[in-house]
Amino acid sequence: MSINTTNMKSRKLKSQIFYAIILICTLTTIAVLAALLISVFSKSIGWLNWNFLSSLPSRFPAKSGIKAGILGTLWVIGLTAIISFPLGIGAAIYLEEYSKKGWLKELIQINISNLAGVPSIIYGMLGLAVFVRQWGFGRSILSGALTMTILILPVLIVAAQEAIRSVPSSMRHGSYALGATQWQTITGVVLPYASSGILTGTILAIARAIGETAPMIMVGAAAFISFVPGGIMDSFTTIPLQIYSWTGKPQAEFQNVAAAGIVVLLAVLLLINSIAIILRNKYQDRVKS
Amino acid sequence: MNLKKVLVLILAFTMMIGAVACGKNETAAGDANAATGENKAVELTGTISIDGSSTVFPIAEAIAEEFMKENKSVKITVGFSGTGGGFEKFFAGETIMSNASRHIKDKEIAKAKEAGVEYIELSVAYDGLSVLVNPANTWVDYLTVDELKKIWAPDSTVKTWKDVRAEWPAEEIKLYAPGTDSGTFDYFTEAINGKSGAIRPDFTASEDDNVLVQGIAGDKNSLGFFGFAYYMENKDKLKIVKIDGGKGPVEPTFETIENGTYSPLSRPMFVYVNKKALAERPEVKAYVEYMLTVGKELVPEVGYVKLPEAQYKEELNKLK
């Protein structure tokens, strides 16, 4: 009896120690995040105002604004979403539903996974060589969006594949049993069921694209720009590029301007993500009902 | 079916952004027409794309900002992909002006010829490469060029301050320098070590000069160098080192850099302009002239040193 209780005690103790450890892990993460956010937000106080949101870049910290950056980012990310979404889902459907198991599929699969780990500057160099120069799109929003597309495609495809794979085969079989064709099964059963997973993957991929700076410098996004973009062939700048430019300035006030820029970047990210999350939740409800 | 709706929504969202941006753009252009119509007979239009050295970027940014106020229909973009990276874009015809914190290299001249790009070189300002130590460093009063070379040479054996001058403490020197892609790095290595890019390998490098400021400010035994503008904005955190180029120790100031007594570390900043664009596009000519007349007054404001007046006139003559 006595042996049993000590064993029990030590096991309970172990359990509690483990609980404490994972609690510390969680708290550390939150503390680091909180420290970052507090420092950024406190620095941005007084700098983040309407003037900042509606002005173009300037050499004076007080006059400098992020309007060109916000519009540039929305243009690039919007176009990236339009191009990458069908491409990514199309590739995922092909790999999961149509392609036969074999060396070709394996090869494509390995390459996609590898591409997800390639440093983003490499994509920037590719974008400069292919889209800017060879295809002659110049230093435009289109070049930037195409570069971002190939940057996020691997992430998007892998996420969409995972989502499609998670659809129970019993549902596919049910659809076939009712006489549906493969295409009807994919559009009517598989995609709606997988949509929440696909959208989550898209959110993550877009979030990665929004924060990218290095490939944008490569394809020629400008740090100073005297106008806002009006079409996909215009020159542009993005929010992270503006932040990067401000943090490199000698004047200390620009660090506050950069902080305000970071808050705006977070807000834009949150806005785009929340749109995707609202869409996702709508789907989940429909699939359930 | 549902997927279609998502796509439609995304499409609608982007079009909405586009519409807003276009709308704003049109009104801005409208305002510009109204404003410039009063004081300018011929309105300049077009796009001027500039790229190149991040060191020259603040000057280009300031000039572009002021020029744009007077010529609202001219679109200007300034990037900072580095002196070398800027030239690449310049030769590819993607930019019509390239900022450089050093002279064009022979290799680059060959590339320009190959691409058929003709250019003129204009000096726009001086920068004094400043050598800095930590304020807690009480022993370093000045350094001679030979001592700098002893410290930074590729085969340098200097480990501690004592290795530089016998009376200095035997504490290890921590070295900070701009990254190898920067013109600042090229200029310093050429001026001190005699060959561009020749340097000992064991130093902390950063393309971001603010990182160097932080590094030197936080380490008692640090030694580093970067552009004068970064010293001006961080005077309280750093101690500047006088440099003896053979005529006694000189501290970099606006005066000593302009009159050339701060030698050999004061260097000119260049803007390379595409000759064809200069000849054929009035907005480019107007911009370049603006840069050398009104624009030069902005140089000290962003922490750089103006050229002597006579030299600006000389540069203007090159345009003819």
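Trainee: Where is the place of B:Pro264 in chain B?

Mentor: Keep in mind that we're looking at a predicted model here. Start from the two elements on either side: helix 9 covers 254-258 and strand 13 covers 266-274. B:Pro264 belongs to neither, as its place is in the loop between helix 9 and strand 13 of chain B.

Trainee: And is the peptide bond from B:Ser263 to B:Pro264 cis or trans?

Mentor: Go by the omega angle for that one. Omega is near 5° for the bond from B:Ser263 to B:Pro264, and the bond is cis.

Trainee: Which strands of chain B are the edge strands of the open sheet with the order 6-11-12?

Mentor: That sheet has 3 strands, and the pairing is mixed. An edge strand pairs on one side only. That describes strand 6 (142-144) and strand 12 (249-250).

Trainee: In what sense do strand 11 and strand 12 of chain B pair?

Mentor: Strand 11 takes in residues 242-244, and 2 bridges link this strand to strand 12. In that pairing B:Asp244 stands opposite B:Pro249 of strand 12. The sense for strands 11 and 12 is antiparallel.

Trainee: Over to chain A: where does its strand come in the run of elements?

Mentor: Chain A has 11 helices and 1 strand. Read the elements from the N terminus on and you get α-α-α-α-α-α-α-α-α-β-α-α. The β comes just before the closing α-α.

Trainee: Why is chain A described as more spread out than a compact globule?

Mentor: For 289 residues the globule rule gives 19 Å, and chain A is well over that, so it counts as more spread out than a compact globule. The C-alpha trace spans about 70 × 65 × 40 Å along its principal axes. The value behind the verdict is a radius of gyration of 24 Å.

Trainee: What share of the contacts in chain A with a separation of 6 or more comes from residues 24 or more positions apart?

Mentor: As background, buried residues make up 47% of the 289 residues in chain A. As for the contacts with a separation of 6 or more, the share from residues 24 or more positions apart is 73%.

Trainee: Is A:Thr73 buried or exposed?

Mentor: A:Thr73 has its place in helix 3 (residues 67-98) of chain A. Beyond four places away in sequence, it touches A:Gly78, A:Thr237, A:Thr238, A:Ile239 and A:Pro240. The cut-off for buried is under 20% relative accessible area. A:Thr73 has 2% relative accessibility, so it counts as buried.

Technical notes:
Residues numbered from 1 in each chain as written. Chains lettered and ligands numbered in written order. Predicted model: local features only at pLDDT ≥ 70, side-chain atom pairs only at ≥ 80, totals over all residues. Heavy atoms only, no water. Helix = DSSP H or I, 4+ residues; strand = E, 2+ residues; numbered from the N terminus. Rg over C-alpha atoms; globule rule 2.2 N^0.38 Å. Buried < 20%, exposed > 50% of the residue type's maximum accessible area, 1.4 Å probe, protein only. Contact = heavy atoms within 4.5 Å. Pairing = 2+ DSSP bridges.
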